[in-house]
Amino acid sequence: MMNEQGKSDGAVVPAKSPNKAGQPVAEGMEGSALAKGNSSEQNTRRIQGRERVQNALGRVRSVAVRERKLKFTSLMHHIANVDTLREAYFSLKRDAASGVDGMTWKQYGEDLEACLADLAERLKRGAYRAKPVKRTYIPKADGKQRPLGVPVLEDEIVQYACVMVLNAVYETAFLGFSYGYRPGRSQHKCLDALYVGMLTKKVNWIVDADIRGFFDTIDHGWLVKFIEHRIGDPRVVRLIRKWLKAGVMEQGRWKAVDEGTPQGGVISPLLSNIFLHYVFDLWINHWRKTQSVSGDVIVVRWADDFVMGFQNRAAAERCLAELKKRFEKFGLALHPEKTRLIEFGPYAAANRIRRGQDRPETFDFLGFTHICGTKRSNGMYTVVRRTAKKRMSRKLQEVKAELSRRRHEPISQQGKWLGSVVGGFVRYHGVPTNAKRIRNFRFQIGCYWHHALRMRGSRKRVGWKRMYRLIDRWLPPATVCHPYPLRRMGVIT
């Protein structure tokens, strides 16, 4: 790698879990023996390749930390590398939907080394061509359809490799209150940061904001300009342009795309974080430092959904007005129905009672409703978090519909599936102050299961006595599995 003075710095960063990685890279290799070739040789090659990739990315990261304003002019050789591409291949989901070419993960792996060598060579020569993404739609909670893009497998591999390399550069620049789709940062860490901020800072007003159609309205011109602040390798920039301009295939017809990044693409979360880093993160960080006379200001962002807390209402209103103008400059807009200013904090309840108003308003963030509450032990103010009613209701309806389709499966298969559903729900929603909601979820699942078994048409009805035994055997207990945020954040920091 060459720095601004043209001196070789051999730069790059330690491999970290790239954006949207469902599991750590080291875990991704297990159970992934290829259809052809000696599995032990494949594993040895992969382990050695991973070490080389980690060493290379480690050098990039060290340079990015040392030279905050350095433009990286030689990164493409890290992407067009068989070791990096192999690591990207094994990090992808095995059962993911195929793109427009119909190629699956297993089919590509039948002659993996030859395919990766050919792909790396095309990347080096500039002969690689991005293919259109296959557009599908999934229903949203409000009844609308959310468009998703499914890239072809080869594009996913290259995008994942690109994310690995770019993360080495940008993870040193992204700010601490940005959590969405970043390595080592989970939704619960984001929720904990918000909770701790509201309890340890003087927060009396909350701005609950959402960007309208963010992934569909990202301006390509501005995005490329932001990328070029740190990435001076024209081959990498050209590669990103290819993905942005590849278009979509919908019902067999190709359609050009002039703005936005396809939700579902491997690189889309990183590109969105880069865009919002320059449009929002740096701006709000500067704003709260220069407006310190206005009192405390906290910020937490997960992708395009963010929450800001203010000590004074005037500061909150001024910031919100200036933020709208800021977004307009870059082609973004706050969702009018999902963005609101509410009174929230230790004095909200008393202030509203004095004005003859109802209890303080609540807001939803990452599946939880945040409520102004008090501790049972001493009556002091605290933030109560409960599973959002819409989120819980939607999940229960999905389970009910799926149970009707699985009605005639063996009870053991139904139990295993329902156990995984309840276990996943409890692992995410099992936070302090939410015990009643997760117990209710488990109970409702048991009721739906009982109804499904009674509808099987068997002469012998399933009574509740037997049903309780089935529930206790197959459904995990609804217990709080997360510590209080103040305790967990204290350990982390």
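Let's start at a turn: strands S6 and S7 form a hairpin with two residues between them. One residue in that turn, Ala-303, has a positive phi of about 55 degrees. Keep in mind as you look around that this is a predicted model.

Now follow the two strands away from the turn. S6 and S7 (residues 305–310) run antiparallel, and six bridges join them. To find one of these pairings yourself, pick out Val-297 in S6: its bridge partner in S7 is Phe-310.

What surrounds S6? Both of its faces are covered. On one side, Val-297, Val-299 and Arg-301 are buried, and on the other side so are Ile-298, Val-300 and Trp-302. Because six of the six residues of S6 (residues 297–302) are buried, the strand is largely enclosed by the rest of the structure.

Next, turn to a helix, H4, which spans residues 82–91. Here nine of the 10 residues are buried, so H4 is also largely enclosed by the rest of the structure. Among the buried residues are Leu-85, Ala-88, Tyr-89 and Phe-90, and you will also find Asp-83, Arg-86 and Glu-87 in that group. Look at the start of H4, too: a side-chain oxygen of Asn-81 comes to within 2.8 Å of the backbone nitrogen of Asp-83.

Finally, let's visit two cysteines. Cys-319 counts as buried because its relative accessibility is 0%. Cys-447 has 23% relative accessibility, so this residue counts as partly exposed; the cut-off for buried is under 20%. A disulfide is a covalent bond between the sulfur atoms of two cysteines. How many disulfides does the model have? With sulfur atoms required to lie within 2.5 Å, the count comes to zero.

Terms used. Residues are numbered from 1 along each chain as its sequence is written. This is a predicted model: local features need pLDDT of at least 70, side-chain atom pairs count only at pLDDT 80 or more; totals for chains, interfaces and linings use all residues. Side-chain values use heavy atoms; hydrogens and water are left out. Buried means under 20% relative accessible area, exposed over 50%, partly exposed in between (1.4 Å probe, protein chains only). Helices (H or I, at least four residues) and strands (E, at least two) are DSSP runs, numbered from the N terminus. A polar contact is a pair of N or O atoms within 3.5 Å; within protein, one must be able to donate a hydrogen and the other to accept it, and residues adjacent in sequence count only if both atoms are side-chain atoms. Two strands pair if DSSP finds at least two bridges between them.
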